[in-house]
Amino acid sequence: MTTPFIQQDLNNGIATISFYHPEHNSLPSDLLSKLAETIGFAGNNETIKVIILKSEGDKTFCSGASFQELCAINDETAGKLFFSGFANVINAMRKCPKIIIGQIQGKAVGGGVGIAAATDYCLASQFASIKLSELTIGIGPFVVAPAIERKIGLAAFSQLTLDATTFYDASWAQNKGLYASVYNNNDELEEAVQKLAQSLTSYNPDALIALKQILWKDTENWDELLQDRASISGKLILSPFTKEALKRFQK
């Protein structure tokens with residue numbers, strides 16, 4: 001596969017939304033926009049009872065932002081607009097009335113960790129280590145912070161953020177609450193995700209919608225909050241430190 005995509009498959013009330021990008025499943029702005037849109041449409045589709053969110057490939061779930069786009073940002077407006085892409089995806093997941101199951105088959109970095117944290121129930125393979133590397137390029141995980149902190153707590157989030165060069169393994173992520181279960185390989189992960197999704201389709205959909213609202217209590221201000229966080233990152237991406245750090249990613 002070489003062409004990036006967002007796609008949705010529907011089977012017996014289960015919508016599987018998957019994404020792919022040849023650069024380690026990074027998410028440039030167009031894919032982020034389409035992903036948020038696809039989640040929104042799935043949430044409003046009455047034939048869909050549960051959503052699975054996954055990526056293609058074996059090694060990386062999502063490597064976060066597109067470094068090529070980051071390097072091209074030259075003003076605060078463009079910076080905020082770029083980081084708003086992750087904000088919009090997280091808010092689409094938050095506001096989606098359907099339960100979203102995360103299927104994390106490989107490494108998650110930066111925004112990828114945020115997307116995993118924004119799922120309602122997250123299952124992973126043993127290869128799904130996580131890292132927040134934003135400080136190494138002069139910014140921080142500001143947009144994704146609320147979603148991650150909500151799942152793993154402030155202490156674990158602080159550790160993950162400040163130790164910005166370390167991949168924490170899937171067991172660590174499970175112990176901190178990001179992953180509900182961790183499986184030996186992707187076949188076992190796929191089987192577990194499908195079994196959970198099928199169980200959820202048998203439950204009262206009104207009960208699941210009500211539960212979703214409870215799961216996301218006290219997040220009503222996130223539309224504004226995540227946009228404010230996008231502004232912070234949009235300013236920092238223009239700093240001399242960050243511009244210099246990004247040079248090693250330029251082709």
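Contact here means heavy atoms within 4.5 Å. With that criterion, the packing of helix α3 in this predicted model can be described residue by residue. On the side of α3 that meets α4, the residues F86, V89, I90 and M93 touch G111, G114, I115 and A118 of α4. By class, this contact comprises 6 nonpolar and 2 polar residues, with no charged residues. The two helices pack at an angle of about 10°, and their axes are 9 Å apart. Angles under 35 degrees count as roughly parallel, and α3 and α4 are therefore roughly parallel to each other.

Helix α3 also packs against α9. Here the axes come within 7 Å and cross at roughly 150°. Since angles over 145 degrees count as roughly antiparallel, α3 and α9 are described as roughly antiparallel to each other. The crossing of α3 past α9 is right-handed. The α3 residues in this contact include E76, K80, F83, A87, I90, R94 and K95, while the α9 residues include W222, D223, L226, A230 and K235. The composition by class is 6 nonpolar, 8 polar and 6 charged residues. I90 appears in the α3 contact with α4 and again in the α3 contact with α9.

Two of the charged residues named at the contact of α3 with α9 form a salt bridge: the side chains of R94 and D223 meet at 3.2 Å, N to O. R94 belongs to helix α3 (residues 76-95) and D223 to helix α9 (residues 222-236), and this pair links parts of the chain that are 129 residues apart. The two partners can be compared with the cut-offs for burial, under 20% relative accessible area for buried and over 50% for exposed. R94, with a relative accessible area of 10%, is buried, whereas D223, at 36%, is partly exposed. Salt bridges with shared partners join R94, D223 and K95 into one network.

The search of the whole structure finds 4 salt bridges. Another of them pairs E190 with K54, whose closest N and O atoms are 3.8 Å apart. E190 lies in helix α7 (residues 186-201) and K54 in strand β3 (residues 50-55), so this pair ties together parts that are 136 residues apart in sequence. E190 is partly exposed, with a relative accessible area of 29%, while K54 counts as buried at 18% relative accessibility.

A further salt bridge joins the side chains of D120 and K212, at 2.6 Å from N to O. D120 is in the loop between α4 (111-118) and β7 (121-125), and K212 is in helix α8 (residues 205-215); the pair links distant parts of the chain, 92 residues apart. Both D120 and K212 are buried.

Helix α8 also contains L215. The C-alpha atoms of L215 and D120 are 7.8 Å apart in space, although the two residues are 95 residues apart in sequence. Leaving aside residues up to four places away in sequence, L215 touches I99, D120 and R150. At 35% relative accessibility, L215 counts as partly exposed. D120 thus has two described links to α8: the salt bridge with K212 and the contact with L215.

Terms used
Residues are numbered from 1 along each chain as its sequence is written. This is a predicted model: local features need pLDDT of at least 70, side-chain atom pairs count only at pLDDT 80 or more; totals for chains, interfaces and linings use all residues. Side-chain values use heavy atoms; hydrogens and water are left out. Helices (H or I, at least four residues) and strands (E, at least two) are DSSP runs, numbered from the N terminus. Buried means under 20% relative accessible area, exposed over 50%, partly exposed in between (1.4 Å probe, protein chains only). Axes are lines fitted to C-alpha atoms, for helices over the stretch in contact, and angles run from 0 to 180 degrees between N-to-C directions. Angles under 35 degrees count as roughly parallel, over 145 as roughly antiparallel, 65 to 115 as roughly perpendicular and the rest as oblique. Ala, Val, Leu, Ile, Met, Phe, Trp, Tyr, Cys and Pro count as nonpolar, Asp, Glu, Lys and Arg as charged, and the others, Gly among them, as polar. A crossing is left-handed if the near helix is turned anticlockwise from the far one by less than a right angle, and right-handed if clockwise.
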